[in-house]
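User: I'm new to this one. Could you take a close look at how its inside is packed and talk me through it?
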Amino acid sequence: MTSQAIELDDVHFAWPRSAPVLTIPRFTVAQGESVFLKGASGSGKSTLLGLIGGVLKQAHGSIRVLGTSMLDLRGARRDAFRAAHIGFIFQMFNLLPFLSVLDNVTLTARFSRERAARAGGDLGGEARRLLAELGLSDPRLLMRPVTELSIGQQQRVAAARALLGRPDLLIADEPTSALDADTRLGFLDMLRRECDGAGTTLLFVSHDTALAGSFDRTVSMSEINRAESVRSWP
Amino acid sequence: MALIALALRSLWNRRTTAALTVAAIAISVTLLLSVENLRAAARDGFAKTLSGADLIVGARSGPINLLLYSVFRIGDATANVTWESYQKIAKHPDVDWSIPISLGDSHRGFRVMGTSLDYFAHYRFAGDQILQFAQGRPWSDLYDAVLGADVAAQLHYAVGDPIVLAHGIGNVSFAQHKDKPFRVAGILRRTGTPVDRTVHVSLQAITAIHLDWQSGMQALPGARVSAEEARHRDLTPDSITAFILGMKSKVMVFVMQRAVNEYREEPLLAIIPGVALQQLWSLVGIADQALMLIAAFVVLAGLLGMLTAILTSLNERRREMAILRSVGAPPRDIFLLLILEAGVLALFGVLFGTALAYLLLAIAQPMLIDRFGIFVHISMLRPADLAILVAIVVASLGIGAIPAWRAYRNSLADGLTIRV
């Protein structure tokens, strides 16, 4: 396996009939490294995360994640690769409203044997442990539909889902945006602890530059993205 | 979590729409099954009501009319057959047996049929079954009656109970033969034919109760004939309503039919039951097929309703699909998820529809027998019914493939932009 968890070379991405959003000559994140990615709204952060996570695919260039070329993987294989290796905390949480908190957390492991195996035999137990670490330990809460939780609680459920099964790469798209200052720091501590414990590479996106100190390295979108359409952004 | 569990939870999340879709399918299935059952029951019932009879003879009218009133107790005779003509034809050397039928009276809504003991010896139904007694025996006294199974069950009669016949065939009659009460001598086993809803008495009994009746009215008290007095009178009937013939040789059936139809003494009509039944089917066949076609279209409408419901929900559920993809569900699973959803909706629709059909048939059963003489036998689903139900579920899976394909084609990023 390569020593780079993420390796982008000459990547170009544009939405249909629009100007390029991303033009990245090179961007790498080493295995086990934690990177704080900052950038203004519209600078292409979420698009970049989407490409790395295999959610978006219509790009040119080379995107290698854990040594695998994401652009060469076709639909189902890319989904399977993402489920097995990548934990994704979406900006909009992306929880299933008709499932309970616990079922949402264990959902990825239900589709990926690899993630389930890494979570140990007891998926429910591991989910409860992660949720407790994130301050959601009330057993009654765990069985409730996720829609009955507050926005901050939903965000923590999304984080627990991404962490279950110790993924090789954790992509967090503004995961602290709905948390208050105290919870935010606790959340960040827990995230780092889990990632360090599992050797997980962390790519963390946030507006909140005050959090940058907790990471190995800070990268600004303006440093790596040469697309003209977004360079005019402050 | 198994896909089916996900499909069920997703459906539960949209339970109002899902319930309405299931209801639409259930109602269409109920209609289809009910129509199919009624159709089959009518055919089975009519076909099995009379077996082994070669000819039915009555006053000249229409073949279907004669068949309906003589065997199925539907409608009324337009005229009678004289006793002399009956005797002459019944004693013809080619005739093996005959059953006279005299109709016109009733007992609490059930028709009374005057006949001879030959009825119990020669009447055949459902292939080659003869009438059997659940209790008692055929009549031995003038005022004995033998009840069909439904008459006894619905009116709670047992052997030995007294009954009073009424003049005419209405459900409620003000003219009753109270002066000549009958006694239940026997109760027949259930046959699933109009026999179950008939009170049988002897032809002589019919004559006896009408000795002092003229023009539908009982004579004034001084001119009345008591029950005991009637026993000593000549009780040979003047006329009967119709009669059934069994021929010694099948070859003679057509010869006898022609002879009866050309009978000079009075205008008579002889029909072959099977041929008349075919005429009846050809008459009702168009309505029959139209009804089935309507039922099939209702099912199609139900399935299209399901398609609409799933397609409409699909737009709202693009994100649900995308989330599932994002956590590793392959496109194949998304496709299967929607197919399963359609299958679950159709399955519940079929189950509820079948249950509803049985419920309605059970409720309608007495009314159908009462009004139309159709006995709907409520039993397990027949292979034809099962085939229809399986076809509906399979069709729903096929229809479910349309939204499934659309969901399959939708990109992963498509739905990941809205908040829960």
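Analyst: Sure! Call two residues in contact if their C-beta atoms, placed from the backbone, lie within 7 Å. By that rule, M306(B) touches T21(B), I25(B), A342(B), L345(B), A346(B), S396(B) and I399(B), leaving out residues up to four places away in sequence. This is a predicted model, where local features need pLDDT of at least 70 and side-chain atom pairs pLDDT 80 or more, while totals for chains, interfaces and linings use all residues. Residues count from 1 along each chain as its sequence is written, with chains lettered from A and ligands numbered from 1 in the order written.

M306(B) is among the best-connected members of the largest nonpolar core, alongside V105(A), A160(A), I171(A), I25(B), V29(B) and L338(B). That core (buried Ala, Val, Leu, Ile, Met, Phe, Trp, Tyr and Cys joined through C-beta atoms within 7 Å) has 115 residues. Buried means 20 or more other C-beta atoms within 10 Å of a residue's own, again placed from the backbone. Helix α12 of chain B, residues 331-372, gives the largest share, 13 residues. (Helices are DSSP runs of H or I, at least four residues; strands are E runs of at least two; both are numbered from the N terminus.) A second, separate core holds 66 residues, including Y123(B) and L268(B).

Now for a covered strand in chain A: β8(A), residues 201-205, has five of its five residues buried. T201(A), L203(A) and V205(A) cover one side, L202(A) and F204(A) the other. β8(A) pairs (at least two DSSP bridges) in parallel with β3(A) over four bridges, and V35(A) sits opposite L203(A). Five bridges tie β8(A) to β7(A), also parallel.

Technical notes:
Buried ≥ 20, exposed ≤ 12 C-beta atoms within 10 Å, placed from the backbone.
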